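Take a moment with the sequence and the 3D structure before reading on. Turn the model around, then follow the chain from its start.

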Amino acid sequence: MDLDTIREVVVARERADLGVLGGSCAVLAGGTFLFSEPQERLERLVDITALGWPALTEVRDGLEIAATCTLAEFAGSVPGRELGAEVLRADWPGTALFARACRALVASHKIWRSATVGGNVCLSLPAGAVLASLIALDGVASVWTPGGSERRIPLQKFVFGPGSNALNTGEVLRSITVPARSLLSRTAFRKIALAPLGRSGAVVMGRREPDRRCALTVSAATTKPVVLDYAQPPGTAEVLASIDAIDPTLWFDDPHGAPDWRRHVAGRLAAQVAAELRVEAGEWQ
Ligand SMILES: Cc1cc2nc3c(=O)[nH]c(=O)nc-3n(C[C@H](O)[C@H](O)[C@H](O)COP(=O)(O)OP(=O)(O)OC[C@H]3O[C@@H](n4cnc5c(N)ncnc54)[C@H](O)[C@@H]3O)c2cc1C
């Protein structure tokens, strides 16, 4: 839709161009959310997609995903994109969560080609499956601060609640780094929605690291992603006990599912994810 409060769109070419952010001036990435509803408090947008950040970069201890990486690049689904093909390597099974997370969004491939990973993380919605996948893989956010420095924050601590996160005024999410131990992890994924093409009611993603440590991440069912850590692949009773121990105020309530239903199905999905991680390890309990 047209945003008739916007007076100017600035295309950032270098970091200094981000200095105008704050107040009535916001970051524009893919724009799939920003142009979907009125933004009455905004007068100016700064487009960050021309800053030339490589979408996916192998770094010393993992994979750096630029905030401007599109969902299509993230899912490795853009034909001919060498980085997508090169970086989403078979010996990094953890990257399988990327495409599964994109498919959990109720969005077409047209949206995938514009929407960015950073936009999904910064929106911080319960149904933000890309955000949840990066939390499930223990990602660390790199944030550019207005003074020209940078701070790092574990993504697990980034989201406070629906639409609320650790970004301060004028800050820009630069990237998320997924550590090598997560890239080497086996993963499992389950989603449920009230309607076949409906928004997610609950999504559970699991990670089993080479040293047997496991984490289950519950999202969509909760107001923010909840991570449950285990020293080894958990049994069903242990998983259900951890789900029962989640703060009852965190179960999300909206037209896509009541809190008691979400709590119930999250337990069922978490038990299935844990079972799949045990099967892959050949360790039925
Ligand atoms: C049909 C449809 C279905 C959708 N389904 C879902 C869904 O299931 N789950 C879901 O979570 N979302 C959904 N969305 C919302 C949105 O499309 C996605 O969350 C998308 O990933 C947002 O990315 P974007 O690049 O388009 O963000 P934009 O619209 O450009 O920006 C979103 C917000 O994040 C801020 N922002 C963006 N990048 C940065 C950055 N690097 N640093 C600081 N702030 C930044 C912007 O200022 C803005 O407030 C859907 C949208 C559509 C149109």
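The paragraphs below go from the whole protein to one sheet, and then to one cysteine.

Keep in mind that this is a predicted model. Start with overall size. The protein has 285 residues and a radius of gyration of 19 Å. A compact globule with that number of residues would have a radius of gyration near 19 Å, so the two agree. Along the principal axes, the C-alpha atoms fill a box of roughly 60 × 40 × 35 Å.

What is the chain built from? Its secondary structure comes to nine helices and 14 strands. How much of the protein is buried? Buried residues make up 44% of the 285 residues. Now consider the contacts between residues with a separation of 6 or more. Of these, 67% join residues that are 24 or more positions apart.

Next, split the protein into its domains. Domain 1 covers 8–46, domain 2 covers 56–181, and domain 3 covers 186–280. Find domain 1 and domain 3 in the picture. Taken over C-alpha atoms, their centres are separated by 35 Å.

Now look at one sheet. This open sheet has three strands, and their order is β1-β3-β2. The pairing is parallel. Which strands sit at the edges? They are β1, residues 8–11, and β2, residues 25–28. Each of these pairs on one side only. From one strand to the next, the twist averages 25 degrees. What holds such strands together? Strands of a sheet pair through backbone hydrogen bonds, either parallel or antiparallel.

Zoom in on one pair within this sheet. Strand β3 spans residues 44–47, and β2 pairs with it in the parallel sense over four bridges. Here you can pick out two facing residues: C25 stands opposite R44 in β3.

Finally, move along the chain to C69. Where is C69 found? The residue lies in the loop between β5 (62–66) and α1 (71–74). Is C69 buried or exposed? A residue counts as buried if 20 or more other C-beta atoms lie within 10 Å of its own. C69 has 25 other C-beta atoms within 10 Å, so C69 is buried.

Which residues does C69 touch? Leaving out residues up to four places away in sequence, C69 touches A55, L56, F74, T116 and V117. For a distance across the fold, compare C69 with R151. The two are 82 residues apart in sequence. In space, they are 20 Å apart, C-alpha to C-alpha.

Methods
Residues numbered from 1 in each chain as written. Predicted model: local features only at pLDDT ≥ 70, side-chain atom pairs only at ≥ 80, totals over all residues. Domains from an automatic or database assignment. Pairing = 2+ DSSP bridges. Axes fitted to C-alpha atoms, helices over the stretch in contact; angles between N-to-C directions. Buried ≥ 20, exposed ≤ 12 C-beta atoms within 10 Å, placed from the backbone. Contact = placed C-beta atoms within 7 Å. Rg over C-alpha atoms; globule rule 2.2 N^0.38 Å.
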